[in-house]
Amino acid sequence: MIKSFAFILAFVCSASIFAQNLQSPSGFLGYDIGTKFTRHHQVMDYFKHIEAQLPKQVKVEQYGQTNERRPLLLVYLSSEENMKNIEQIRENNLKNAGVLEGPSTTNDIAIVWLSYNVHGNEASSTEASMLTIYKLLTENKEYLKNTVVIIDPCINPDGRDRYVNWYNKTASVPYNIDQQASEHSEPWPGGRPNHYLFDLNRDWAWATQVETQARLKVYNKWLPHIHVDFHEQGINEPYYFAPAAEPFHEVISDWQRNFQTQIGENHAKYFDAEGWLYFTRERFDLLYPSYGDTYPTYMGAIGMTYEQGGHGRAGLGVLNDEGEVLTLVDRLTHHTTTGISTVEISSQNAKKLNTEFGNYFDNSKLLYKSYVLQGHADKIESLTLLLDKHEISYGFAQGGKVTGFDYWSSKQGQLNTTTNDLVVSTNQPKGKMVKVLFEPNTALSDSLTYDITAWSVPYAYGLGAIASKSNVNTNDKLRNGYATPVSNSSATGYVIEWNSMKDAQFLAELLKNNIKVRFTEKPFTTQGKTYNRGSLIIVRGDNKKVANFDDKVFDIAISNNRTPNAIISGFSTSGPDFGSPDIKLVNAPKIAILSGDYTSSLSYGELWHFFEQQLHYPVTSINTKDLSSTNLSKYNVLVMPDGYYSGFLNEDLTDKIKIWVRSGGKLIAIDGALNSFAGKDDFGLKRNQTEDSIENNQNKTIKYADRERDNTKNLITGAIFKTDVDNTHPLAFGYDDYYFTLKQGNTSYSLLDTGYNVAYLGDSPKNVSGYAGQEALKQLNKSLVFGEQRMGSGSVIYIVDNVMFRSFWENGKLFFVNAIFFVNNNLAEL
Ligand SMILES: [Zn+2]
């Protein structure tokens, strides 16, 4: 490996002849590249230096900013000639895809997009981005004659700097190659995710994070032919590049498959010459649409993941299990090699890339032509916001019947449409992405996969839907929009129904403004309208101390697009009156959430983001290491994210939590957090299946080579199930009597004997979408999905299926809000 480094240095010296003032990364940074980790601002400075030296060939553009205010940069490079026409090249490409209208003068110019360091602690690739641009502009500039290269040096600067700053302050000099040295063991949460601890390589389709949102805007302006996402894997793995593993999604074209192989063969040439090991066609498949390889693939590109051995454990150098010292220099050299090789092969095939890219956007053969979605206006709106992020067009139905596959019943059905129903057609350039996101069931060529196998958007958004084989005509624009609310100073109060996250945001803002709000546990009718369970009532008499009560309520209503109804009298036509014990005050809860070691950083991040960026309600984060000394009585609600608490929750801590619950606390346990309570004294939670019976499922004489595949019968790799819901329980207010849940694994719990089973699976549950093995299905028989157990004056709420998972299962979020605000609302005053 030292040899290859010497080779780079030799190249770096000779290259300076080509551009007088153009500095190599090593020259610019003042240290040999790969001998230190470069901080984000230095990386940005280097690209700006390149732009300043070669302004006719390089353009740097800031396309966004992270949560921690680091810039997100894109760097465009090509020949001078191409850069002069860059806007035309871009527009021609969009015309070729049909995204822009107008005759397409096909380019013969390849567009290659290289994305680095989406996982912050896979830190070699940002280093490689600097060497790659330098090489492309010096020794490989021939390729730029017919190629536009777009470099994103770092998709995730907050995560990368978290890693780099930690490493820089931790590592010894010289670096220690002993795997056990502290410099090879990152502390929680590690540098992989972004500020809110989201995995940005699972966020492309849902675009919940600012980095993704900013990137999609520029990505959709370009739609490149090639997209590479640079990663790192474990220190004992060599290098992975295309072609990818099965399963491939069925929208992937033969050309996309074949060109992956060509690219891989080109890389192999360089790797073989150097004696570097690699593997292909294993492990990293092309199915789940939210990755940096699949998303671009479904948008017409050859989307690929490249994985170098390294990761957060590798530091500047580490002795791996094969006795090799793996250095940062090795890692960035390999990534530089595949980056350049990608540009080379793309340049060689530029014409073909353009033709095939255009062909990808022919969507005439897709089975379903239109997806029609029906449901609450807020949910429809929430879905249109997602479609807007991808610049997918949609319209609204014109009325009349539509027949097709009915998502609710999982069979042929029909829908009487109204002009409020959303229609998303595959007869548009991004039709294949529409299919991927909306289709009821994704075809699987292999059940062994790297991620979830179900994400169908109608289920995630809680909308009724029909997939139709014919085109459904649409109106361009909606419908009434939100009605402007009208205040009435002689009203007893205002009432608003409880249906969506929008209502939840409205409630949260009222509470933050010290406005007292009630909710009803029983339906009531007043002024000719029936209000369901969960409807909010803002009573004037409760808010005597609030100055300008009506104005204040209506300012908040307008900013949340809510339309509360003015009610003249608290005397209801039927059902409870406003003063009834069934109409309860929402006690604004003080909420704490566990973070740190033993919690899943992803799950904690989802909740953190939810409170801060979605619900806008304050929450206190408590580190697990402080829980034993924390005064829990300051909080009404304690949220335990998904996690691995078995080594943490000892008897003392469990007792402390129980005492707090008994005195009126509300514990919300999510996913893995339930494990620590199952079978424990006073908790009514039991695993549905014992370890013994799982063991009995194993085929003991299975062949060695078939073992992994045989085990898939015990797996659920993200599958959607229809649950029964008791929507008379406050945990399910705002829901129907069914709910489609996303199961991420096969862990299951029995129905509670002494508690409320609010959402559950009955006899012989069947997955409506996604993969679930036959043995795993048996374990789900009569199992809990969401439930509440009373303990003393408090409650434990069990959320078996994490409704916050990657923040995309929109329709699950209200369960969590209900858990906070409505369930067992008799909170002790603090
Ligand atoms: Zn990665």
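Metal site and ring pairs

Student: In this predicted model, is His231 buried or exposed?
Tutor: The cut-off for buried is under 20% relative accessible area. His231 has 2% relative accessibility, so it counts as buried.

Student: Which metal ion does His231 coordinate, and which other residues take part?
Tutor: The metal is a zinc ion, and His231 binds through ND1. The coordination distances run from 2.0 to 2.5 Å. The other residues are His119, through ND1, and Glu122, listed twice through OE.

Student: What is the geometry of the zinc site?
Tutor: Four donors count as tetrahedral if all angles lie between 85 and 135 degrees. Here the angles among the four donor atoms are 57 to 157°. The site is therefore not tetrahedral but irregular.

Student: How many residues apart are Glu122 and His231?
Tutor: Glu122 is in the loop between β3 and α6, whereas His231 is in strand β5. The pair links distant parts of the chain, and the separation is 109 residues.

Student: What kind of aromatic pair do Tyr196 and Trp608 form?
Tutor: The structure holds 61 aromatic pairs. In this one the ring centres are 4.9 Å apart and the planes are at 65°. Planes over 60 degrees apart meet the cut-off, so the pair is edge-to-face.

Student: Where does Trp608 lie, and how far is it in sequence from Tyr196?
Tutor: Tyr196 lies in the loop between α7 and α8. Trp608 lies in helix α18, so the pair ties together parts of the chain separated in sequence by 412 residues.

Key. Residues numbered from 1 in each chain as written. Predicted model: local features only at pLDDT ≥ 70, side-chain atom pairs only at ≥ 80, totals over all residues. Heavy atoms only, no water. Donors = N, O, S within 2.8 Å, 3.2 Å for Na, K, Ca; no water. Tetrahedral: all angles 85-135°; square planar, octahedral: opposite > 155°, others 65-115°. Helix = DSSP H or I, 4+ residues; strand = E, 2+ residues; numbered from the N terminus. Buried < 20%, exposed > 50% of the residue type's maximum accessible area, 1.4 Å probe, protein only. Phe/Tyr/Trp six-rings, centres within 6.5 Å; stacked < 30°, edge-to-face > 60°.
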